[in-house]
Amino acid sequence: MGSIISIALWAANGISIDMVQSDVALSYAQRMYLRLGLIINHASMFLIPGLLLGFFFHRGKFRQFIGADLIGYTKQYLFWGLAIIVAYPLIGGLTQWTMSLPLPDWLVSSQDQSMAMLSNTLVMDTPIELISNLLLVGVMAAVGEELIFRGILQKKLSHQWSNPHLAVIISSVVFAGIHMQAERFPALFVLGVLLGYSYHYTRSIWVPIILHLLNNSIQVLAVYASPEEVLDLSEVPSIQWYEAVISLCLTLGLAYAASLMPSRVDELRP
């Protein structure tokens with residue numbers, strides 16, 4: 001339903017699917033309608049289904065189920081956030097390696113379409129476009145995706161299998177796959193694992209939401225500050241193997257330190 005509404009909105013404003021999935025330059029108005037359609041589609045795909053599931057199956061206990069009634073300690077946000085930051089060279093190295101692999105034509109085509117839409121979305125000529133992207137890529141993505149992948153999928157798998165580590169891995173695989181970006185699958189998987197463990201060890205959905213929001217928003221701000229970066233999203237900085245290894249060690253060390261912090265979290269006050 002969200003896709004139908006989005007496509008209808010785009011069509012009414014002279015935007016076709018072929019345009020948003022290609023290198024065709026969009027006007028300012030078309031880019032704004034593109035983002036509005038993506039917000040509608042994202043809400044219908046993640047946020048609304050998640051909230052409906054909570055309403056029908058958990059009633060008044062949904063906040064407790066996903067950990068929305070809890071907040072983490074400042075140190076937990078800091079350590080898990082640092083773990084994500086120091087993982088950037090590792091993520092870049094994995095992306096660089098994946099780009100060197102031969103991929104099926106259908107997968108390359110699907111990825112190219114996804115990246116073209118992202119490129120069109122990230123063209124920002126005004127502060128209004130920056131704010132709209134922070135809402136779409138930062139807030140909407142963080143809240144909707146963390147609600148579904150960590151708050152619901154990971155939590156339910158953890159209860160079903162009594163194995164939180166397997167739940168983190170499975171939910172991270174689904175999280176990475178749903179983005180339809182084959183070359184960035186390992187990078188998204190690593191990010192999903194870090195967000196998953198931050199949720200597991202803090203028991204608060206706000207921790208992965210805030211970390212996800214900051215991670216995405218920083219990238220949007222970086223593109224806005226250096227608009228030439230959006231011209232070719234297939235380009236990644238060259239990462240040496242030893243830089244990726246150092247990044248991996250630092251990431252594991254920070255994640256381990258964060259996991260040793262007290263798991264109790266403060267309750268939110270009305």
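Which residues have the most contacts inside the largest nonpolar core? The legends below take up this question first and then turn to other close-up views of the structure, which is a predicted model.

**View 1. The largest nonpolar core, made of 33 residues.** In this predicted model, the residues with the most contacts inside the core are Phe 62, Ile 66, Trp 80, Ile 84, Leu 194, Ile 205 and Leu 211. The elements that give two or more residues to this core are α4 (62-66), α5 (74-86), α6 (88-99), α8, α9, α10, α11 (206-225) and α12 (241-259). Among these elements, α10 provides the largest share of the core, with 8 residues. As general background, nonpolar side chains tend to be buried together in soluble globular proteins.

**View 2. A tilted pair of rings between helices α3 and α8.** A search of the whole structure finds 6 aromatic pairs, and one of them is formed by Phe 46 and Phe 149, whose ring centres are 5.7 Å apart and whose planes stand at 55° to each other. Because Phe 46 lies in helix α3 (residues 28-57) and Phe 149 in helix α8 (residues 127-161), the pair ties together parts that are 103 residues apart in sequence. Phe 46 is buried, with a relative accessible area of 7%, and Phe 149 is likewise buried, with a value of 3%. Together with Phe 175, these two residues form one aromatic cluster.

**View 3. An edge-to-face pair formed by Trp 241 and Tyr 242.** The ring centres of Trp 241 and Tyr 242 lie 6.0 Å apart, and the angle between their planes is 85°. This pair counts as edge-to-face because its angle is over 60 degrees, the cut-off for that class. Trp 241 counts as exposed, at 66% relative accessibility, whereas Tyr 242 is partly exposed, with a relative accessible area of 42%.

**View 4. Charged side chains over aromatic rings.** Arg 150 lies over the face of Phe 175, at 4.6 Å from the ring centre, and Phe 175 is also a member of the aromatic cluster with Phe 46 and Phe 149. Arg 150 has a further partner, Glu 146, with which Arg 150 forms a salt bridge whose closest N and O atoms are 2.7 Å apart. Both Glu 146 and Arg 150 lie in helix α8, 4 residues apart, which is about one turn of the helix, and both of these residues are buried. In another such arrangement, Lys 155 lies over the face of Phe 65, at 4.9 Å from the ring centre.

**View 5. A network of salt bridges that joins Arg 31, Arg 35, Asp 125 and Glu 129.** The structure holds 4 salt bridges, and one of them brings together the side chains of Arg 31 and Asp 125, at 3.0 Å from N to O. Arg 31 lies in helix α3 and Asp 125 in the loop between α7 (105-121) and α8, so the pair ties together parts that are 94 residues apart in sequence. The two partners differ in their surroundings, since Arg 31 is buried, with a relative accessible area of 6%, whereas Asp 125 counts as exposed, at 58% relative accessibility. The side chains of Arg 35 and Glu 129 also meet in a salt bridge, at 3.0 Å from N to O. Arg 35 lies in helix α3 and Glu 129 in helix α8, so this pair, too, ties together parts that are 94 residues apart in sequence, and both of its residues are buried.

**View 6. A nonpolar surface patch of about 520 Å².** The patch is made by Trp 161, Leu 166, Ile 169, Ile 170, Val 173, Val 174 and Phe 185. Helix α9 (residues 164-177) gives the largest share of the patch, 5 residues. Phe 185 has its place in helix α10 (residues 185-202), and this residue counts as partly exposed, at 31% relative accessibility.

**View 7. Positive phi angles at Ser 162 and Arg 203.** Although Ser 162 is not a glycine, this residue has a positive phi of about 55°. Ser 162 is found in the loop between α8 and α9 and counts as exposed, at 65% relative accessibility. Arg 203, which is not a glycine either, has a positive phi of about 65°. Arg 203 is found in the loop between α10 and α11 and counts as partly exposed, at 41% relative accessibility.

Definitions and conventions:
Residues are numbered from 1 along each chain as its sequence is written. This is a predicted model: local features need pLDDT of at least 70, side-chain atom pairs count only at pLDDT 80 or more; totals for chains, interfaces and linings use all residues. Side-chain values use heavy atoms; hydrogens and water are left out. Rings of Phe, Tyr and Trp (its six-membered ring) pair if their centres lie within 6.5 Å; planes under 30 degrees apart count as stacked, over 60 as edge-to-face and the rest as tilted. Buried means under 20% relative accessible area, exposed over 50%, partly exposed in between (1.4 Å probe, protein chains only). A charge sits over a ring if NZ of Lys or CZ of Arg is within 6 Å of the ring centre and within 35 degrees of the ring normal. Patches are made of residues with over 30% relative accessible area and no salt bridge: like charges are joined within 9 Å, nonpolar side chains (Val, Leu, Ile, Met, Phe, Trp, Tyr) within 5 Å. Accessible areas come from the Shrake-Rupley method with a 1.4 Å probe; for residues, only the protein chains shown count as cover. A nonpolar core is a set of buried Ala, Val, Leu, Ile, Met, Phe, Trp, Tyr and Cys residues joined through side-chain atoms within 4.5 Å.
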